[in-house]
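The following exercises are to be worked with the sequence and the coordinates at hand. Each task is followed by a solution in steps.

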Amino acid sequence: MPDLIAKPALGVAPVTHAGTTLAEIPLPQIIAIAPYPGQAAAVGAALGLAFPAPNTVSESGGARLVWAGRDMAFLIGAEASAATLPEGLAAMVSDQSDAWVMLTLVGPRAVDVLARLVPLDLRAAQRGQAFRSALGHMPLVLIAEGEGGFTLLTFRSMARTAWHEIEEAMAKVEARLALSA
Amino acid sequence: MRIDGKGRIDRTRPVTFRFDGRSYAGYRGDTLASALIANDVRVVGRSFKYHRPRGILTAGPEEPNALVEVVGPANQTPNTRATVQELFEGLVARSQNRWPSLGFDLLEVNDLAAPFLSAGFYYKTFMWPRRFWEGLYEPLIRRAAGLGRLSGKHDEGLYEKAWAHCDLLVIGAGPAGLMAALVAARAGADVILCDESAEPGGRLLADEGMIDGAPAAEWVARVLAELADLPNVRLMRRTTVTGVYDDSTFGALERVGLHRSPRPNLPRECFWRIVAKRSVLAAGALERGIAFQDNDRPGVMMASALATYLNRYGVVPGKRVALFANNDSVRATARSLMAAGVEVAAILDSRPDAPDEPGIVVHKGAVVQRARGRMGLREISFTKDGRAQRLEVECLGLSGGWNPSVHLTCHLNGRPRWSEDLAAFVPMEGAVPGMLVAGAAGGSFSTHGCLASGAEAARASLEALGRAAGAVELPRAEDAPYVIAPLWAVAGKGRAWLDFANDVTVKDVALAAQEGFRSVEHMKRYTTQGMAPDQGKSSNVAALAVLADATGRGIAETGTTTFRPPYTPVSIAAMGAGGRGAGFAPQRFLTSDQASRDRGAPMVEAGLWYRPSYFPKPGETTWREACDREVRMVRESVGVTDVSTLGKIDIQGPDAARFLDLVYTNTFSTLPVGKVRYGLMLREDGHVLDDGTCARLGDQHWLMTTTTAAAGLVMRHLDFVSQAFCAGWQVRFASVTEGWAQFAIAGPKARALVASALGHAPDLPFMGCAPVTVQGVAGRLFRISFSGEEGYELAVPTRYGEALFRDLTARAETMGGGLYGMEALNVLRIEKGFITHAEIHGRITAFDIGMEKMVSAKKDCIGKAAAARPGMTGPARAQLVGLKPLTDSVITAGAHLFAQGVDLVREQSAGYVTSVGYSPTLHSHLALAFLDNGRARHGETVRLVDRLRGVDVLCTVTDPVFHDPKGEKLRA
């Protein structure tokens, strides 16, 4: 057991507006895997997960391999740890667990909220899709969870801004709904 | 005056509002303009230049006269169009550009001075003496001429920005837009229908037309009900599409909360960016006036506005009305007015062959010569068959024809085409990729024409989208031809207004032509026609027709000015929603942030990060005291500072060493595992990009460190080099800046502090690195120094950052050390002559900073060839030096250096200061500077001059390394 206390990026309680909830997944496990040229299929096979094509996620058991940009995927899940990866992967393996804040936005208005911040059409987003985009002025890895749910990754140091901007967008969406109600 | 039984307002919901301090009553569904008309308020503003009393001219977004200030609890919004502003309980509005009051405005004296205030008067009248322009004339003119006032405070209101995507964007929900949306929606397309009004329907609600044998409003209601039931349609009310941009992206402004009293979290406006695969422009047409003497008197109004006020709002601006037109469109309005019990004195039709109108006096071939009634129309005079006659009326409806709203088709550089038949500009085909124009915006003025062209535009759009339109049955509607005989201005004496908003008359345009401003673009700028907030919506076609006449050319040949976004005014607050104050950029916080703030450290922003400037102690009154103490602490004991902001890039792969050899000037492939090397990186053009250390963590595993400011820049550069030059290489990298919290520990007691934190003495040579376990956490230890003292940097995963920071702080303090901030860090590095981006500012070569030997001769690197170009090295270049003032004087960064005895002129500047600080170690102010041929000038005295801050000090030129030049301390 380490003597140093581990702190999540935010350590805040979830907030709900208009039936849609923003929450932090504290201390996520994320490993960036970037296969060397021509090695994507072999790396995928070694991991037991298809290396994801752009904008997709491959999933097996508790682990997910999320497309995270050019020639790179994030291995996310409880078992994702550099120590448990097979030896000699023909890929860069970089532990990114502490580099990102992981948020979830779930509910009937999640798409409307994200439309305030993300320049993507997410109305038809389904589980199995992932995007690199921008959350306002912040970098974003966005994972569609299906049924109005999303997982968002942005820089850990920007967590407070991200939380503030998403919550503000949620409150505005809720205020608009109150008008039509 | 309100007309019983007319209008679409909700008479069960009365609303009170204030205008110019007086309380009035209206109804839900009114605009401010319709409510003012209902209350017989005739004068609503003063004109821009002459301060003439003005009334409401239109019923739409094109309004040039009725601009008011809307005053809310937290906002004061000037130039709000009363014709657009919806009424709500408690609305407070004020008229503009008058003093002391709307009824009595002292600056109306301008109207008497009109002969001296013609077009371009300020170019002629206020030329001499020249120096009076800025101090006297311009402020005077600005005070006299004007619009609304800003509050001078921040706009604390909430605004919003949002994105929307669709297959088909339909702009405008009149007959053409509704039909287009309906056809596309029924075919299953994903449709957004935008309408600027609160209630869609366009002129179908404003005129009393019939569709399928029933009032058109019933058809509108049926279509809206069907659209509301379809899940693939989004109807955006109160949303004006304001601009067309690349890649079929549209800007649109939605009035979300402006039509009601403020509510928590409800945005006032939302600026939408709509990405549409296809679009249909169904923005309708705007009616234009006819110029004659004093045609701007309150009570003179567009005929179509009269119809709108009567049929939508149940109000009329006078009991006795006349209509003046050059086309048939006023006839229906006349019939509506009569049916509502308003007396229509006559229709004055300029066409000698105009048709008769049963039950109404029609003066054929008649033109209005003059309107009378300064504070409200009393009488018009007109001529018919050469005979002058007078008519007492309170209101005159004007129709000089219709201008299709072609604006959006011009935003990507399309030029509209002149149609002789319509006497109007119509859109150029294909002006906006993917956009089709339907209805009046495309020149189809009949209801049938609108419905048919809307359906056809939808069908063609669906085809382009790969969808089939179902069978379309067009509803039956009138299909009267549009018959017009152009009439722009009635010849005669006096001033006849074209542009009401900017007070531009027929004479002004003629004067511009006479003075040589014959191009329409020149005329516009000389007269200011079309340059007011209304952008000349109701005036510019008439103005250029007058210009065409004055220059003896045709209208097509004269052309039109360029329509640019936005179509109607957009609040900057909406476009910049969320960006005020701290919202401007993301804030990046260190894990040590709270601990630093707890100690009272003022935070400074660097690369979006917030870093502690210094840590004040009780009794310290200035930042300098704290800074000096912290510097001495590091030099004498031990200091801890958070350096997590430095960029960190994880680089891996069999070709990683080769890649580093390419991006750094010096060689890295020879570096053993467990060692760190300082590296310099050049841009392709040979100038210094960044500097930093790079550690070899394993045979194929490296950790590059960048400066805080250039972390993103270096990452982008590596991406570029890797993709452009090394695509097949076995190397990959990722930023881990955010993943590690890293703390510098520096000073004679640094080793002891690290030993205390790790539980054992660190066994690391200078520029060594090793994995360590810090209180049970896997971390990394580097022996590097940015202070010149023995220094370590200890890194742990970010989640442990705060805990380690507090731990190190406590340990340091028990040893007589403590925290140091950015100010002390800066002094420490200046004492050592270490550079930052103050020095490597983009115009600096490796030679300039004395590092040309770091550019390896044995290998190539990015920027090496370019750095060898003539002029990139040599004595003519300014080179990095140190400066020490001869006396104990403050010196400043940004100051320029001069040889002693030369004139202090730009040409004599021999260099400039980049960094300064007070060194408590050397008891002197110190500077780093660039001086022409500086390395050969150590020991010389130069004059340091900062004219902005009044600094003029003699300094000795020295080596840039002031402290421990041999580096004995850091290698200890």
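The structure is a predicted model. Of the 181 residues of chain A, 50% count as buried.

**Exercise 1. Overall form of chain A**

Task: Establish the secondary structure content of chain A, and explain why it is as compact as a globular protein of that length.

Solution.
1. Begin with the elements: chain A contains 3 helices and 11 strands. Their order along the sequence is β-β-β-α-β-β-β-β-β-α-β-β-β-α.
2. Compare the radius of gyration with the globule rule. For chain A the radius is 17 Å, close to the 16 Å given by the rule for 181 residues, so the chain is as compact as a globular protein of that length.
3. Add the extents: along the principal axes, the C-alpha atoms of chain A fill a box of roughly 60 × 45 × 30 Å.
4. Turn to the contacts in chain A between residues at least 6 apart in sequence: 58% of these join residues at least 24 apart.

**Exercise 2. The two domains of chain A**

Task: Determine which residues make up each domain of chain A, and which strands of domain 1 each supply at least two residues of the side that touches domain 2.

Solution.
1. The domain assignment places 15-27 + 98-180 of chain A in domain 1 and 30-95 in domain 2.
2. The C-alpha centres of these two domains of chain A are 24 Å apart.
3. Where they touch, domain 1 of chain A contributes 8 residues and domain 2 of chain A contributes 9 residues.
4. On the domain 1 side, strand E9 (130-135) and strand E10 (138-146) of chain A each supply at least two residues. The largest share, 3 residues, is that of E9(A).
5. By class, this side of domain 1 of chain A holds 5 nonpolar, 2 polar and 1 charged residues.

**Exercise 3. The contact between the chains**

Task: State how many residues each chain brings to the contact between chain A and chain B, and describe the chain A side by element and class.

Solution.
1. Chain A brings 39 residues and chain B brings 42 residues.
2. Strand E3 (30-35), strand E7 (91-95) and helix H3 (159-180) of chain A each supply at least two residues of the chain A side.
3. H3(A) provides the largest share of that side, with 8 residues.
4. Sorted by class, the chain A side has 21 nonpolar, 5 polar and 13 charged residues.

**Exercise 4. A sheet of chain B**

Task: Give the strand order of the open sheet of 5 strands in chain B, and identify its edge strands.

Solution.
1. The order is E2-E1-E7-E5-E6 (chain B), with mixed pairing.
2. Strand E2 (22-28) and strand E6 (76-81) of chain B are the edges, since each pairs on one side only.
3. Neighbouring strands of the sheet are turned by 35° against each other on average, direction ignored.
4. Within the sheet, strand E5 (residues 67-71) and strand E7 (residues 92-95) of chain B run antiparallel and are joined by 3 bridges. B:Val68 stands opposite B:Ser95 in E7(B).

**Exercise 5. Burial of a helix in chain B**

Task: Find which residues of helix H11 (residues 506-514) of chain B are buried, and what covers them.

Solution.
1. The buried residues of H11(B) are B:Val506, B:Lys507, B:Asp508, B:Val509, B:Ala512 and B:Ala513.
2. Their cover includes strand E29 (497-499), strand E30 (504-505), helix H12 (520-527) and helix H13 (540-551) of chain B.
3. After H11(B) comes B:Gly516, with a positive phi near 100°.

Definitions and conventions:
Residues are numbered from 1 along each chain as its sequence is written. Chains are lettered from A and ligands numbered from 1 in the order in which they are written. This is a predicted model: local features need pLDDT of at least 70, side-chain atom pairs count only at pLDDT 80 or more; totals for chains, interfaces and linings use all residues. Domain bounds come from an automatic or database domain assignment. Two residues are in contact if their C-beta atoms, placed from the backbone, lie within 7 Å. Helices (H or I, at least four residues) and strands (E, at least two) are DSSP runs, numbered from the N terminus. Ala, Val, Leu, Ile, Met, Phe, Trp, Tyr, Cys and Pro count as nonpolar, Asp, Glu, Lys and Arg as charged, and the others, Gly among them, as polar. Two strands pair if DSSP finds at least two bridges between them. Axes are lines fitted to C-alpha atoms, for helices over the stretch in contact, and angles run from 0 to 180 degrees between N-to-C directions. The radius of gyration is taken over C-alpha atoms; the globule rule is 2.2 Å times the number of residues to the power 0.38. A residue is buried if 20 or more other C-beta atoms lie within 10 Å of its own, exposed if 12 or fewer, and partly exposed in between; C-beta atoms are placed from the backbone.
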